[in-house]
Amino acid sequence: MAQNDAKRALANKLVQLQLKTDGPAITDQLTNSAVQPIVAGWSQRLDETVPPARQKEVRDKLDVELKKFADSTHKSIEAQVGKAAEAAMVPIFMEKLSEDEMKTIIAYMESPASAKLQALGADATDAWAKRIIDSTRSQVEASAKTFESAADRIVKAAAGGASGAAAATKK
């Protein structure tokens, strides 16, 4: 029983360390996943229903409301991140990791080397992404042009077909 309590304490400590590193990112990610579909839906509706001359004014008003929604959603998610982390991760850590493994992970996560790696994380990821972008730019641009040409043909054919059909119906 004491061994199980010790293992649970290690699992809880590991969860707290995980929360410190990943909590803000998961909160932001989940908030964005709730906000993005709403933005996309309203943006399309705005384009379809509001005259172009009034769109900026309406977008500004929608942005105010969207910020309220995003802030409220962020607070709701943030309030649950810690509770959900413990409930979800403690059982997994207890089942999948030994006490020694948790001690090793905790020692690493609390080490200066881990802090240094975390601090370098954004720079390293940015450098990695830049290399990927630089090495794929020409292929991506060529594919985008191919898509644009195909999409243009499809839309023109549909528009031409629709006008032809409308003209045939009028006859």
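In helix α3, the buried residues are Glu99, Met102 and Ile106, where buried means under 20% relative accessible area, exposed means over 50%, and partly exposed is anything in between (1.4 Å probe, protein chains only). Helices here are DSSP runs (H or I, at least four residues; strands are E, at least two), numbered from the N terminus. Looking down the axis of α3, these buried residues fall within an arc of 60 degrees, so they line one face of the helix; the arc is taken from the directions between the helix axis and the C-beta atoms. Asp100 and Thr104 sit on the other side of α3 and are exposed. The cover over the buried residues of α3 includes α1 (2–49) and α2 (52–96).

All of this comes from a predicted model, in which local features need pLDDT of at least 70, side-chain atom pairs count only at pLDDT 80 or more, and totals for chains, interfaces and linings use all residues. Residues are numbered from 1 along each chain as its sequence is written, and side-chain values use heavy atoms, with hydrogens and water left out. As for confidence, pLDDT is the predictor's own score for each residue, from 0 to 100. The chain has a mean pLDDT of 88, with 93% of its residues at 70 or more. Among its elements, α3 (residues 99–109) has the highest mean, 96, and α4 (residues 112–170) the lowest, 82. Over residues 163–171 the pLDDT drops below 50, and this stretch makes 0 contacts beyond near neighbours in sequence, a contact being heavy atoms within 4.5 Å. Where pLDDT is low, the predicted coordinates should not be read in detail.

Next come the helices that cover α3. Helix α1 has a kink of about 55 degrees at Asp22, shortly before the proline Pro24; the bend at a residue is the angle between axes fitted to the seven residues ending there and the seven starting there. Even so, the end C-alpha atoms of α1 are 66 Å apart, which agrees with the 70 Å that its 48 residues should span at 1.5 Å a residue. That expected span is 1.5 Å times one less than the number of residues. Helix α2 falls short of its straight-helix value: 45 residues would span 66 Å, but α2 spans only 57 Å between its end C-alpha atoms. A kink of about 35 degrees in α2 is centred on Val81, and Val81 is itself one of the buried residues of this helix.

The buried residues of α1, among them Lys7, Leu10, Ala11 and Leu14, pack against α2 and α3. Those of α2, including Ile77, Phe93 and Met94, pack against α1 and α3. Of the 15 residues in the largest nonpolar core, Ala11, Leu14, Val15, Phe93 and Met102 touch the most other members; such a core is a set of buried Ala, Val, Leu, Ile, Met, Phe, Trp, Tyr and Cys residues joined through side-chain atoms within 4.5 Å. Helices α1, α2 and α3 each supply at least two residues of this core. Not counting residues up to four places away in sequence, Met102 touches Lys7, Leu10, Ala11, Leu14, Phe93 and Leu97.

Elsewhere in α2, Val58 counts as buried because its relative accessibility is 18%. Leaving aside neighbours within four places in sequence, Val58 is in contact with Leu46 and Val50. Its C-alpha atom is separated by 53 Å from that of Met102. Glu148, in helix α4, counts as exposed at 52% relative accessibility.
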